[in-house]
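Here is a short briefing on one protein chain. It covers the fold, the surface and a few side-chain pairings.

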Amino acid sequence: MTNGDGSAPTPKAAASDAASTAPEDAAGAEERARGTELAVSFVLRFGILISGAVIVLGLLLFVVKGAGVQGQGIDAKIAFPHSLSQLWAGLCVVDPFAVMSLGLLLIILTPVSRVAVSIFAFIAERDWRYVVITGLVLAILLFSFAIGETGG
């Protein structure tokens with residue numbers, strides 16, 4: 001690197017150039033971190049709102065269909081779906097218990113989706129250490145769901 005007159009820059013000038021780019025880099029990193037926080041908060045808010053709306057819809061369907069009224073009890077072992085296939089079958093016939101179960105499933109998946117979004121945010125920030133750590137956390141979560149589904 002040379003100055004405008006062709007001479008080599010002085011150490012003071014080089015330090016000044018480095019110092020002037022440091023705040024810009026810090027500002028860019030801070031902006032990326034803020035974007036990550038906004039993306040994660042959006043996922044959490046959206047997940048909670050959608051799951052809550054689905055649960056309320058299931059409760060409204062329960063009231064409209066009159067299930068469990070007139071002194072009849074509800075047998076939870078029969079009423080609520082216990083597998084994804086039962087959930088899907090219940091949703092196909094608009095069963096209130098299946099709709100509420102879908103809302104509960106969505107609320108459980110909300111933090112998992114937050115972890116997945118974090119991976120992409122860390123990739124964008126080129127923070128490879130946290131990409132690996134967050135990837136391991138996501139793998140553990142998915143593995144635990146798989147074990148729970150198979151009953152292992």
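A salt bridge is a side-chain nitrogen of Lys or Arg within 4 Å of a carboxyl oxygen of Asp or Glu. By that rule, the structure holds 1 salt bridge. The model is predicted. The protein has 5 helices and 0 strands.

**Fold**
- The elements run α-α-α-α-α from the N terminus on.
- The protein has 152 residues, and 19% of them count as buried.
- Among contacts with a separation of 6 or more, 59% join residues 24 or more positions apart.

**Salt bridge**
- Side chains of opposite charge can pair when their charged atoms come close.
- The partners here are E37 and R34, with an N to O distance of 3.9 Å.
- That distance meets the 4 Å cut-off.
- Both E37 and R34 sit in helix α1, which spans residues 11-65.
- They are 3 residues apart, about one turn of the helix.
- R34 has a relative accessible area of 46%, so R34 is partly exposed.

**Aromatic pairs**
- The structure holds 3 aromatic pairs.
- One of them joins F62 and F97, whose ring centres are 5.5 Å apart.
- The planes of these two rings stand at 70°, so the pair is edge-to-face.
- This pair links distant parts of the chain: F62 belongs to helix α1 and F97 to helix α4, 35 residues apart.
- F97 is buried, because its relative accessible area is 9% and the cut-off for buried is under 20%.

**Surface**
- About 10,700 Å² of the protein is exposed, and carbon and sulfur atoms supply 70% of that area.
- A nonpolar patch on the surface is formed by I48, L104, I107, I108, L109, L142 and F145.
- Together these residues have about 590 Å² of accessible area.
- Which helices each supply at least two residues of the nonpolar patch? They are α4 (96-125) and α5 (128-150).
- Helix α4 gives the most, with 4 residues.
- L142 is placed in helix α5.
- L142 counts as partly exposed because its relative accessibility is 48%, and partly exposed covers the range between the 20% and 50% cut-offs.

**Recurring elements**
- Helix α1 holds both partners of the salt bridge and also F62 of the edge-to-face pair.
- Helix α4 holds F97 of that pair and supplies 4 residues to the nonpolar patch.

Definitions and conventions:
Residues numbered from 1 in each chain as written. Predicted model: local features only at pLDDT ≥ 70, side-chain atom pairs only at ≥ 80, totals over all residues. Heavy atoms only, no water. Buried < 20%, exposed > 50% of the residue type's maximum accessible area, 1.4 Å probe, protein only. Contact = heavy atoms within 4.5 Å. Areas by Shrake-Rupley, 256 points an atom, 1.4 Å probe, with all protein chains shown as cover. Patch = residues over 30% accessible without salt bridge, like charges linked within 9 Å, V, L, I, M, F, W, Y side chains within 5 Å. Phe/Tyr/Trp six-rings, centres within 6.5 Å; stacked < 30°, edge-to-face > 60°.
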